Amino acid sequence: WRWEPWIASAIGVALVTAAAATARNPVFQGADPHAMMIDDEMWIFPTGGPGGSWAADRFGAFSSRDLRTWTSRGVILRRDQIRWIGDDGAKAHFLWAPGVATRDGKWYLYYSVGPQNPTPSRIGVAVADAPQGPYRDSGRPLVTGGRQANGQFEAIDPMAFVDPRSGKAYLYAGGSAGARLRVWELGRDMVSLAREVPVDQPPNFTEGAFMHERDGVYYLSYSHGHWDRPDYSVHYATARSPIGPWRYRGEILKSDASHQGPGHHSFVRTPAGDWLIIYHRWDQRSGTGPLKGERQVAIDRVRYGTDGSIAPIAMTDG
Ligand code: FUB
């Protein structure tokens, strides 16, 4: 027989399928993981990474075929490459919570620049020809936080979603201060906003919105609670469109006897059709007060009911 590309692909599928229940958790230090399947390989774009999950001045990417051995794809964007960030003299600005999307052969890295004060938080976007970059910043913030008519809006946690049914692209963002979700339709170029879409606020929304579609059901999932408390958890709502109206469906991921503070996350469908949640939790395993230490990325299996519900997710260790 001859070695054909489809054989490599099939082996990749088999490895990822086998790995669905056997990721070596925690995967690595990091937070706010945005995960995608790219050519049968899982890629994770986190805040920070091995070495620290907080005050990041750069983004890296990591990939794996078996969810056990991870390859660093290097630094994909640095703070000093984003000219508009500036310096308010009072506090450093940090890069948080990347969200990645691809369209027409280009890759788009959306990211938050925090904290919120004294300069308002902002969301930027950088463009590349490949998932590992190099990414070039678009040259201006896409969204800026601040006081809004209906309460403070913190411009963090961007999630870009290209609707596989309509082809339209949306940007979801918001959290923490004001804890408000906002949604925009992105321009065809993916680096401009076409219009803001009014949406109803999903119950218990704090931050970290993620959108995925399965069998015509649109799942809006998000973090609830305080980011450094054991009540941090993941809730979700469903809709027949990516912009609601939402039907609140409850909590799916919460602290248990040996894992604390699961929150910012993404969902991925493997080539074999299994669904996984990639999320961060804390390295502190118990306690009732504010959580201390680093955040770490973990991967667990997602199971759907015939009614489109998501069963409570069990956090595992590798
Ligand atoms: O990593 C910084 C912040 O922590 C994110 O913006 C929030 O979603 C929370 O995970």
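1. Let me start with the enclosed space in this predicted model. The largest cavity is lined by Asp32, Pro33, His34, Pro98, Asp157, Pro158, Met159, Ala209, Phe210, His264, His265 and Ser266. Three elements each give two or more residues to that lining: strand 2, strand 17 (207-214) and strand 21 (265-269). Strand 2 gives the most, with three residues. By type, the lining divides into six nonpolar, four polar and two charged residues.

2. How much space lies in the largest cavity? The volume comes to about 60 Å³. If you were planning to look through a list of cavities, the count is one at the 30 Å³ or more level. As a reminder of the idea behind such numbers, rolling a probe the size of a water molecule over the atoms shows where empty space is left.

3. The open space is next. The largest pocket has a volume of about 610 Å³. Its lining has 22 residues, and Ala35, Met36, Met37, Phe161 and Phe267 are the closest to the pocket centre. Strand 2, strand 6 (94-103), strand 13, strand 17 and strand 21 each give two or more residues to this lining. The largest share, five residues, comes from strand 2. For anyone thinking about the chemistry of the wall, the lining divides into 17 nonpolar, three polar and two charged residues.

4. The second largest pocket has a volume of about 300 Å³. Of the 14 residues that line the second largest pocket, Trp96, Ser176, Glu207, Trp227 and Arg295 are the closest to its centre. Here the division is six nonpolar, three polar and five charged residues.

5. Strand 2 has come up for both the cavity and the largest pocket, so to speak of its setting: an open sheet of four strands has the order 2-3-4-5, with antiparallel pairing. Strand 2 (31-38) and strand 5 (71-78) stand at the edges with a single partner strand each, so one side of each is left without a neighbour in the sheet. From one strand to the next, the twist averages 25°.

6. Within that sheet, strand 2 pairs with strand 3 (residues 41-47) in the antiparallel sense over six bridges. One register point to check on your screen is Ile38, whose bridge partner in strand 3 is Glu41. Strand 3 also holds Met42. Is Met42 buried or exposed? Met42 has a relative accessible area of 0%, so this residue is buried. The C-alpha atoms of Met42 and Leu95 are separated by 22 Å, with the two residues 53 apart along the chain.

7. Strand 14 (residues 169-173) deserves a look of its own. Five of its five residues are buried, and the strand is mostly covered. In a regular strand the side chains alternate between the two faces of the sheet. Which residues of strand 14 lie on each side? Ala169, Leu171 and Ala173 are on one side, with Tyr170 and Tyr172 on the other, and both faces are covered.

8. The neighbours of strand 14 are strand 13 and strand 15. Strand 13 (residues 159-162) runs antiparallel to strand 14 and is joined to it by four bridges. Met159, which also lines the largest cavity, stands opposite Tyr172 in strand 14. The hairpin of strand 13 and strand 14 has six residues between the strands, and Gly167 takes a positive phi near 80° there. Strand 15 (residues 182-186) pairs with strand 14 over four bridges, again in the antiparallel sense. Across that pairing, Tyr170 has Glu185 as its bridge partner.

9. Finally, the packing. In soluble globular proteins, nonpolar side chains tend to be buried together. The largest nonpolar core here has 34 residues, of which Tyr172, Leu181, Phe267 and Ile310 touch the most other members. At least two residues of this core come from each of strand 13, strand 14, strand 17, strand 18 (217-224), strand 19 (233-239), strand 20 (247-253), strand 22 (275-282) and strand 23 (295-302). Strand 18 supplies the largest share, five residues. Two names link this core to earlier points: Phe267 is among the residues closest to the centre of the largest pocket, and Tyr172 stands opposite Met159.

Conventions
Residues are numbered from 1 along each chain as its sequence is written. This is a predicted model: local features need pLDDT of at least 70, side-chain atom pairs count only at pLDDT 80 or more; totals for chains, interfaces and linings use all residues. Side-chain values use heavy atoms; hydrogens and water are left out. Buried means under 20% relative accessible area, exposed over 50%, partly exposed in between (1.4 Å probe, protein chains only). Two strands pair if DSSP finds at least two bridges between them. Axes are lines fitted to C-alpha atoms, for helices over the stretch in contact, and angles run from 0 to 180 degrees between N-to-C directions. On a 1 Å grid over the protein atoms alone, a cavity is a set of points where a 1.4 Å probe fits but cannot get out, and a pocket is an open set with protein on both sides within 12 Å along at least five of seven lines; lining residues have an atom within 4 Å of a point. Grid points are joined across faces, edges and corners, and a volume is the space filled by probe spheres set on the points. Ala, Val, Leu, Ile, Met, Phe, Trp, Tyr, Cys and Pro count as nonpolar, Asp, Glu, Lys and Arg as charged, and the others, Gly among them, as polar. A nonpolar core is a set of buried Ala, Val, Leu, Ile, Met, Phe, Trp, Tyr and Cys residues joined through side-chain atoms within 4.5 Å.
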